[in-house]
Amino acid sequence: MKPFDSFYKRTGRFDTFKEFNATELYCPRCKRAVPVRERLLLVLPEGDEYEYLCVFCSTSVGMKIDKHDKPVTIITS
Ligand SMILES: [Zn+2]
């Protein structure tokens, strides 16, 4: 399923797409920069790990860790 196909046909404007996905990464399968979807992979103590997937072919094109901005708590017992 390609949910964005109808969107392209309706608007005919690729540029509009950037308003929905600010991040574009190079996709080795599409051989071009593509808009990406974020998928939460892991919730780690130090942050949430996300995977970036190409919106066209769902190939993984990148990763990031969203570090929690909490101050470090030192537990003393
Ligand atoms: Zn792709």
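The following exchange goes through the strands, the loops and the burial of this predicted model.

Reader: What makes up the fold, and in which pattern along the sequence?

Author: The protein has 1 helix and 4 strands. Read along the sequence, they give α-β-β-β-β.

Reader: How do you know that E1 and E2 pair, and in which sense?

Author: Two strands pair if at least two bridges are found between them. Strand E1 (residues 24–27) and strand E2 (residues 32–44) have 4 bridges, so they count as paired, and the sense is antiparallel. One of the bridge partnerships joins glutamate 24 to proline 35 in E2.

Reader: What lies between E1 and E2 in the hairpin?

Author: The hairpin has 4 residues between its two strands. Lysine 31 is in this turn, that is, in the loop between E1 and E2.

Reader: What is notable about phi of lysine 31?

Author: Phi of lysine 31 is near 60°. This is a positive value in a residue other than glycine.

Reader: Why is lysine 31 called exposed?

Author: A residue is exposed if 12 or fewer other C-beta atoms lie within 10 Å of its own. Lysine 31 has 8 C-beta neighbours inside 10 Å, and therefore counts as exposed.

Reader: Where is serine 58 found, and what is its phi?

Author: Serine 58 is in the loop between strand E3 (47–54) and E4. Phi of serine 58 is near 60°, a positive value, and serine 58 is a residue other than glycine.

Reader: Why is serine 58 called exposed?

Author: The cut-off for exposed is 12 or fewer. Serine 58 has 12 other C-beta atoms within 10 Å, so it is exposed.

Reader: In what order do the strands form the sheet, and is the sheet open or closed?

Author: The 4 strands form an open sheet in the order E1-E2-E3-E4, with antiparallel pairing.

Reader: What makes E1 and E4 the edge strands?

Author: E1 and strand E4 (60–67) each pair on one side only. Neighbouring strands of this sheet are turned by 45° against each other on average, direction ignored.

Reader: What share of the protein is buried?

Author: Being buried takes 20 or more other C-beta atoms within 10 Å. Buried residues make up 8% of the 77 residues in the protein.

Reader: Which share of the contacts with a separation of 6 or more joins residues 24 or more positions apart?

Author: Such pairs account for 24% of those contacts in the protein.

Conventions:
Residues are numbered from 1 along each chain as its sequence is written. This is a predicted model: local features need pLDDT of at least 70, side-chain atom pairs count only at pLDDT 80 or more; totals for chains, interfaces and linings use all residues. Two residues are in contact if their C-beta atoms, placed from the backbone, lie within 7 Å. Axes are lines fitted to C-alpha atoms, for helices over the stretch in contact, and angles run from 0 to 180 degrees between N-to-C directions.
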